[in-house]
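Trainee: Could you help me see how the labels in a structure description are earned? I would like to go through them one at a time.

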Amino acid sequence: MTDLLKVPLSTPPPEKAPPPRAWTVILAGLGALLCSLDVVVVATALPALRADFGASLSELEWTINAYNLAFACLTLTGAALGDRFGRRRMYVVGLAVFTLASATAALAGSADQLIGARVLQGAGAAVLLPLTLTLISEAFPAEKRGVAIGLWGGVTGLGVAAGPVLGGAVTEGLSWQWIFWLNVPIGLAMLPFAATKLQESYGTRPRLDIVGLVLAAVGLTGLAWAPVRAPEAGWGSAEVLTALVAGVVFTTAFLGWERKGARYPMLPLEHFRRRGFSTANAAAFLLFASLLGALFTVTQLFQFGLGYSPLEAGVRVLVWNGMPLLVAPIAGALADRYGTRPFMLAGLALQGLGLALLAWQVEPGVGYGRLVVPLVIAGVGISLVFPSVANAVTASVPLSEAGIAAGVNNALRELGGVFGVATVAAVFTTYGGYASPADFLDGAAPALWVSAGVAATGAVVALFAPSRAASGP
């Protein structure tokens with residue numbers, strides 16, 4: 001009888017199995033690698049595309065910006081789809097779309113077809129990339145998340161670093177089409193593991209905010225379309241003015257809908273009242289505007305301005321973009337201990353300083369030895385910002401909102417890249433061109449000064465970040 005009294009009246013429910021953290025880091029890291037790689041992998045192939053397709057400067061811009069534009073305008077949608085239908089499920093869908101689009105890009109027979117394929121790639125990445133950060137945030141407790149996000153930041157940095165080198169090596173050794181063919185076997189190999197090894201999770205919103213999705217997509221497209229087309233069509237053209245007006249109107253309508261009309265808003269505006277969330281997202285926008293604008297300039301500078309081959313240009317850029325692989329994991333771990341603000345501030349300041357020194361050195365006959373130190377300084381800078389921004393964004397909101405937070409962060413990053421490339425292209429065409437190497441250098445130096453100024457503005461923004469991001473209840 002005594003023994004019977006010791007038997008519990010009901011069996012407690014089994015504890016939820018811990019998420020497979022190693023597989024989460026591997027698969028999320030590979031997904032981030034593919035997405036970040038394709039932001040920049042085309043950069044060193046731009047001269048080859050110009051020769052192969054007879055592409056104009058505007059078409060060269062679009063081979064980069066078509067990806068970034070679709071990425072930026074749809075990433076909030078991707079995060080919302082993951083919250084509604086399951087993050088693992090939508091990760092698999094995004095990976096499949098990205099892989100299919102890569103094959104389509106490799107088969108492109110004209111600049112227009114390539115640009116269309118890049119739009120489809122960006123749509124796949126818009127679903128894939130924000131979910132990589134959400135999956136990591138779900139799998140790791142807050143006290144260990146910084147290390148995991150640091151690894152994620154290092155892999156993201158590897159994609160940015162390997163892009164110019166891989167693009168140069170493949171373009172020179174095979175052809176530019178193989179830049180995209182390489183994604184296909186990697187994506188196909190990842191699909192079965194993503195479907196079976198990742199843990200499924202959902203957000204807190206039972207329904208999609210369809211009105212918000214449409215308003216955000218149209219508004220962001222208009223705002224991004226205007227600066228991309230302005231260098232060719234002119235800021236006073238009907239096309240650019242119409243795009244700007246439509247972007248402002250639809251974005252304003254989106255914010256109003258999210259504030260008062262949406263029952264399950266895809267972007268809770270109260271997050272922007274959190275200093276950690278708003279400053280980290282502003283810093284991400286300015287970092288990528290500076291980084292991709294400078295990368296668009298530097299990869300062509302080494303080839304057209306200084307006479308290096310695509311592979312030689314990619315290898316020489318590696319001292320800049322390869323730094324995150326070494327520094328970002330360490331920065332992510334230290335941010336857990338000392339807070340994210342010092343790393344955002346120092347990183348953006350170093351990025352600006354490095355690009356300013358680089359712009360100062362650009363002149364006919366400059367040797368690579370004079371450019372190494374500025375590139376290293378800028379590389380250490382971006383290494384400090386990558387993980388600290390991601391950590392600050394996800395830590396500043398409740399865990400259930402991590403998907404939306406990651407989506408906002410990625411949208412602003414990619415919009416920053418679009419504005420950065422469009423801005424430096426406009427500056428470049430104002431002061432220089434492709435008539436001769438000397439003419440190219442005349443335009444490259446002012447373009448790099450602009451990229452340096454954008455990074456310095458980001459450092460000022462980082463001053464206002466909290467010392468430590470405080471998560472919501």
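Mentor: Gladly; below we take some labels and set each against its cut-off. Keep in mind that this is a predicted model.

Trainee: Let's start with threonine 99. Why is threonine 99 called buried?

Mentor: Its relative accessibility is 6%. Buried means under 20%, so threonine 99 counts as buried. You will find threonine 99 in helix H5, which covers residues 87-106.

Trainee: What makes the link from the side chain of threonine 99 to the backbone oxygen of leucine 95 a polar contact?

Mentor: The side chain of threonine 99 reaches that oxygen at 2.8 Å. The cut-off for such a pair of N or O atoms is within 3.5 Å, so the distance of 2.8 Å fits.

Trainee: And which residues is threonine 99 in contact with, leaving aside its neighbours within four places in sequence?

Mentor: Those are Asn183, Val184, Gly187 and Leu188. Contact here means heavy atoms within 4.5 Å.

Trainee: Next, the aromatic rings. How many aromatic pairs does a search of the whole structure find?

Mentor: The search finds one. Phenylalanine 285 and phenylalanine 419 form that pair, with 6.0 Å centre to centre and 55° between the planes.

Trainee: Why is it called a pair, and why tilted?

Mentor: Ring centres must lie within 6.5 Å, and 6.0 Å meets that. Planes under 30 degrees apart count as stacked and those over 60 as edge-to-face, so 55° falls among the rest, called tilted.

Trainee: What does the pair tie together?

Mentor: Phenylalanine 285 lies in helix H12 (residues 275-305) and phenylalanine 419 in helix H17 (residues 402-431), so the pair ties together parts that are 134 residues apart in sequence.

Trainee: Are the two rings' residues buried, exposed or partly exposed, and how do you know?

Mentor: Phenylalanine 285 has 23% relative accessibility, and phenylalanine 419 has 27%. Partly exposed lies between the 20% and 50% cut-offs, so both residues count as partly exposed.

Trainee: Finally, what makes up the nonpolar patch on the surface?

Mentor: Ile210, Val214, Val218, Val245, Val249 and Phe250 form the patch, with about 490 Å² of accessible area together. Helix H10 (210-233) and helix H11 (238-261) each supply at least two of its residues.

Trainee: How does phenylalanine 250 qualify, if it counts as partly exposed?

Mentor: A patch residue needs over 30% relative accessible area. Phenylalanine 250, in helix H11, has 31%, so it passes that cut-off while still counting as partly exposed.

Technical notes: Residues are numbered from 1 along each chain as its sequence is written. This is a predicted model: local features need pLDDT of at least 70, side-chain atom pairs count only at pLDDT 80 or more; totals for chains, interfaces and linings use all residues. Side-chain values use heavy atoms; hydrogens and water are left out. Helices (H or I, at least four residues) and strands (E, at least two) are DSSP runs, numbered from the N terminus. Buried means under 20% relative accessible area, exposed over 50%, partly exposed in between (1.4 Å probe, protein chains only). A polar contact is a pair of N or O atoms within 3.5 Å; within protein, one must be able to donate a hydrogen and the other to accept it, and residues adjacent in sequence count only if both atoms are side-chain atoms. Patches are made of residues with over 30% relative accessible area and no salt bridge: like charges are joined within 9 Å, nonpolar side chains (Val, Leu, Ile, Met, Phe, Trp, Tyr) within 5 Å. Accessible areas come from the Shrake-Rupley method with a 1.4 Å probe; for residues, only the protein chains shown count as cover. A salt bridge is a side-chain nitrogen of Lys or Arg within 4 Å of a carboxyl oxygen of Asp or Glu.
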